[in-house]
Structure formats: C-alpha cells, structure tokens
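This report describes the strands, helices, salt bridges and cavities of one protein chain. Please examine the sequence and the structure shown below before reading on.

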Amino acid sequence: MFPEKVARAAGTGASVPIECCQACGHALLENVLSLGYMPPVNQMVAIGEVARQQPWFPTNLFYCAQCELMQLGLAVDPAIIFPPEYPYTSGTTRLLRDNFRELYSEASVMLKLGPRDLVVDIGSNDGTLLAPFKLGDHRVLGIEPTDVVKIAAARGIPTLQRYFTPEVAAAVRAEHGPARVVTAANCFAHIEDIHSIVEGILHLLAPDGVFISESHYVIGLMDRLQYDTVYHEHLRYYSLGSLANLLRMHGLEVFHARPIPTHGGSIRVYAARSGVRPVSADVAAMLAAEPRGEAMRARLVTFRKDVLLSKLRLLATMRELKENGARIAGISAPSRASTLINYVGLDEAIIDYVCEIPGSLKIGKTMPGTAIPVVEESRLFEEQPDCAIVFSWHIAEELALKLRDKGFRGKLITPLPVPREI
Ligand SMILES: [Zn+2]
C-alpha cells in the first residue's frame with residue numbers, strides 16, 4: 001500500500017535523496033525547479049564568529065504526476081533542520097495568533113467540542129494554536145521537539161518535548177485517552193515518513209475524531225511566486241488534491257477545506273474516517289479549481305520561467321539602488337529570507353543588516369549562508385537607511401504600518417512576486 005523505498009534522513013546526520021514519491025512511491029518524479037545549493041535556514045552563526053565550513057544542500061522541487069504531490073528532492077536529517085535551539089516562535093506573528101483564534105471558533109462550533117474533549121497539536125511550537133482551546137476549557141496537549149516548549153510551558157500549555165511518532169501517539173492515548181481533535185499546523189508538510197505520522201494520528205483519534213491540518217498551499221505558492229518558501233523543512237507542498245490522495249491511502253476522507261491567509265496563502269483541511277462525516281460542497285469546488293495533468297505541467301513551466309525572471313528583476317533593482325549609493329537594510333529574518341537571499345545572491349555587501357523586533361532569538365546572529373548581521377530594529381530608526389527590503393513580504397502591509405508609525409522614512413520594497421515600492 002505504501003512506498004517501499006522511503007527516503008529516511010533521520011539519524012543519518014546528513015541527507016538522503018528522495019528517489020520516489022513520498023506519498024505514492026512513484027519513481028518518475030518530474031523536476032519543476034532548481035534553486036541550487038542552500039544552507040539550512042536555521043543555520044545562523046553568531047556575529048563575529050570565525051568562519052567555518054557549513055553544510056549546504058541541493059534544493060530541487062519535484063512533481064509526482066501519479067498522486068499530484070509537489071515535493072523536495074532531498075530529505076535532510078531533522079536534527080540539522082530542527083535543532084533544539086530552533087529560533088522560530090509562532091506567537092510573535094499577529095496573523096498567526098488571529099488565525100489560530102479563528103481556527104478555534106470554526107472548529108469548536110463545527111465539531112461541537114465538549115468541555116473536556118482532548119485536543120492534541122503536533123508541532124505545537126510555543127502553544128499559540130492550543131491557547132484558545134485551553135481558554136475554551138478543553139483538555140490540550142502539545143507535542144514539540146524543540147526548546148520552544150519552555151515558552152509553551154510558561155503560558156500553561158502542557159507540552160511533550162518529543163518528535164511525533166506512532167510510539168508517542170500510543171503513549172499519549174494510553175495516558176490521556178483518545179483525542180477528539182488532532183491538529184498539525186505548518187508541520188504536516190515537514191515531517192518525513194509521512195505514512196507513519198498519519199498512522200500515529202489515526203491511532204490517537206477517537207472513532208469520530210477529526211484531523212485538522214494547515215499547510216502552505218502549492219497553488220497559491222505558484223500564483224504569488226513564493227518560491228522563497230521552498231527550503232528543507234518543507235518536504236511537501238500540498239494541493240487539496242494531493243493531500244486528499246495521501247489521506248485516502250489511510251482511510252481518511254477530507255470533509256471540509258478552505259483557503260486561509262497565513263504564510264501568504266495556506267489551506268485548512270478537515271479529515272475524518274471515511275463516511276463518518278458528510279462532505280461539504282467546498283471540497284469538490286476547490287478540487288475542481290486545481291490544475292492537474294497537462295494543465296499542471298504547463299503551469300509548472302510558467303512557474304519556473306517566472307521564478308528566474310523575478311531573480312533578475314530583483315537584482316536589477318538592487319543594482320540601480322547601489323549605483324546611486326543607497327544603503328539597504330532588510331526587514332525581518334523569516335526562514336523564507338534565507339532562500340531568497342541565497343538564490344538571488346544578496347550578501348553583506350548589498351544588505352547592511354536585517355532588523356528583527358526586540359526579543360527575537362535571531363538577533364546577534366547572521367543570515368544563513370552570508371555575513372549579513374541580524375540586529376534589533378531600533379538601528380533602522382536611528383540610521384534611517386535609504387531603503388529597506390521586506391523579507392516577510394507576505395505580511396508587508398502590517399509591517400509597513402508599524403515601521404512608518406515608529407518613524408522609518410526610507411523606501412520600503414517588497415521583493416516578490418515583482419520588486420515593488422510600497
Ligand atoms: Zn506520488
């Protein structure tokens with residue numbers, strides 16, 4: 001039923017090529033895009049540290065015509081890409097906090113959650129998703145491998161510091177009973193050996209339990225040219241079609257799905273055991289709107305060409321600014337900035353520094369693959385560089401308002417889909 005030749009990088013301390021589809025095992029994957037070699041996005045060396053050798057990994061995007069799954073061509077050991085000191089926290093982004101509050105409102109009504117129902121979040125990060133469920137008096141449990149669990153614990157979200165596996169699922173069920181809801185937001189595309197993850201989720205779910213996932217949406221990724229979200233944490237890039245195909249292999253049926261605004265365009269997908277819940281009409285509508293077959297192949301060719309052109313356009317913009325002697329800063333250091341910077345070839349000679357808000361764990365480090373320092377954003381207001389490039393361009397409007405409010409007077413440029421002053 002499942003692919004025999006599953007690429008497993010965990011425990012290798014390195015990487016392994018993905019030679020057949022992660023979902024269906026199809027061996028003839030089609031190359032969509034090559035971004036070259038990239039450093040892991042969390043490989044941020046401290047400012048001033050002596051330069052040492054660092055691993056870089058090939059970054060290629062492939063398409064499986066058999067099950068429609070877009071995927072990376074390489075699996076990197078999770079110990080490398082999710083180190084315990086992983087500096088990402090979801091609670092610092094307002095859009096994510098709002099999204100998870102809205103998820104709670106939607107799910108608690110649609111699923112008629114009872115007060116003591118158990119909600120388990122896989123890849124629970126700092127507990128931002130579970131916080132509204134806890135306020136709603138449901139039992140919550142996070143599962144998260146990194147040290148970010150300390151932040152979750154401080155806000156009262158019980159969290160198991162483990163990678164999610166079928167064994168962990170069994171242990172959780174034995175201790176807490178079956179879950180009414182299992183959620184996986186922005187991690188269901190990240191974990192390798194996806195089939196054992198889904199088996200673990202099935203084991204954890206009550207017979208009428210519901211699995212809710214939120215993932216970056218591959219159709220929106222192509223429409224808005226978000227190739228910068230391609231990096232090694234993201235092993236898979238789901239359309240609704242490919243996600244439904246994967247879940248169906250385990251007897252799970254998608255019964256509700258809709259687009260949500262997080263990460264520049266994601267999908268929220270509800271699934272339950274086949275036949276347990278009525279399937280809403282929005283599922284068929286979304287599936288019908290997705291390209292497949294030859295239409296998808298044509299779409300992929302356009303995407304590849306547009307990515308290349310966007311790189312050349314951004315370089316032309318940078319060249320013009322530099323010829324006029326402009327000082328250029330960067331706004332925020334999300335993971336996606338690493339892909340953009342390294343693919344386009346921006347470095348410390350072009351970007352003086354990248355700003356993060358006070359409290360960010362990235363301050364004092366350098367952008368992956370470069371010596372561009374990450375500093376506290378007060379420097380931006382003191383030095384007033386001529387121009388700032390917004391790396392979190394998917395939330396540029398929110399950031400621009402804040403930056404103008406705090407007194408930044410320089411140009412603000414978003415790099416994608418085409419460089420644009422905002
Ligand atoms: Zn496949």
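Which residue forms a salt bridge with R319? The partner is E323, and the closest N and O atoms of the pair are 3.1 Å apart. The model is a predicted one, and the sections below begin with the helix that holds this pair.

## Helix α10

R319 and E323 both belong to helix α10, where a spacing of four residues separates them by about one helical turn. Both R319 and E323 are exposed. The helix itself covers residues 294–323 and contains 30 residues. From its first C-alpha to its last it reaches 44 Å, which is close to the 44 Å expected at 1.5 Å a residue.

Other positions of α10 are covered: M296, L300, F303, V307, S310, L314, T317, M318 and L321 are buried. After the helix comes G325, which has a positive phi near 75 degrees.

## Salt bridges between distant segments

In total, the structure holds 23 salt bridges. One of them joins the side chains of E68 and R292, with an N to O distance of 3.1 Å. E68 sits in the loop between β3 (57–63) and β4 (70–72), while R292 sits in the loop between α9 (281–289) and α10, so this contact ties together parts that are 224 residues apart in sequence. The two partners differ in their cover: E68 has 16% relative accessibility and counts as buried, whereas R292, at 32%, counts as partly exposed. The cut-off behind this assignment is that buried means under 20% relative accessible area.

A further salt bridge is formed by the side chains of E106 and R268, at 3.0 Å from N to O. This pair also links distant parts of the chain, with E106 in helix α2 (residues 94–110) and R268 in strand β13, 162 residues apart. E106 counts as buried at 16% relative accessibility, and R268 counts as buried at 0%. Both residues take part in a network of salt bridges that links E102, E106, E214, R258 and R268.

## Strand β10 and its neighbours

Strand β10 spans residues 205–216 and is mostly covered, with 10 of its 12 residues buried. Strand β9 (residues 179–185) runs parallel to β10, and six bridges join the two. Within this pairing, L205 of β10 stands opposite A179. Between β9 and β10 the chain passes through helix α6 (residues 194–204), and the resulting β-α-β crossover is right-handed.

β10 is also joined by six bridges to strand β13 (residues 266–273), in this case in the antiparallel sense. Here H216 has S266 in β13 as its bridge partner. β13 is also the strand that holds R268, the partner of E106 in the salt bridge described above.

## Two open sheets

One open sheet consists of four strands in the order β2-β3-β4-β11, with antiparallel pairing. Its edge strands are β2 (30–38) and β11 (236–237), each of which pairs on one side only. Three bridges connect β3 and β4 in the antiparallel sense, and F62 has Q71 in β4 as its bridge partner. The loop between these two strands carries E68, the partner of R292.

Another open sheet contains six strands, ordered β16-β15-β14-β17-β18-β19, and its pairing is mixed. At its edges lie β16 (374–376) and β19 (420–421), each pairing on one side only. Strand β15 (residues 354–356) runs parallel to β16, to which three bridges join it. The bridge partner of V354 in β16 is V374.

## Cavities

How many cavities of 30 Å³ or more does a search of the whole structure find? The search finds three. The second largest cavity holds about 60 Å³ of space.

The lining of the second largest cavity consists of Y63, E68, M70, V218, I219, Y237, S239, E290, P291, R292 and M296. Several of these residues have appeared above. E68 and R292 are the partners of the 3.1 Å salt bridge between two loops, and M296 is one of the buried residues of α10.

Methods: Residues are numbered from 1 along each chain as its sequence is written. This is a predicted model: local features need pLDDT of at least 70, side-chain atom pairs count only at pLDDT 80 or more; totals for chains, interfaces and linings use all residues. Side-chain values use heavy atoms; hydrogens and water are left out. Buried means under 20% relative accessible area, exposed over 50%, partly exposed in between (1.4 Å probe, protein chains only). Two strands pair if DSSP finds at least two bridges between them. A crossover is right-handed if, with the strands pointing away from the viewer, the path from the first strand over the helix to the second runs clockwise. The expected span of a helix is 1.5 Å times one less than its number of residues. A salt bridge is a side-chain nitrogen of Lys or Arg within 4 Å of a carboxyl oxygen of Asp or Glu. On a 1 Å grid over the protein atoms alone, a cavity is a set of points where a 1.4 Å probe fits but cannot get out, and a pocket is an open set with protein on both sides within 12 Å along at least five of seven lines; lining residues have an atom within 4 Å of a point. Grid points are joined across faces, edges and corners, and a volume is the space filled by probe spheres set on the points.
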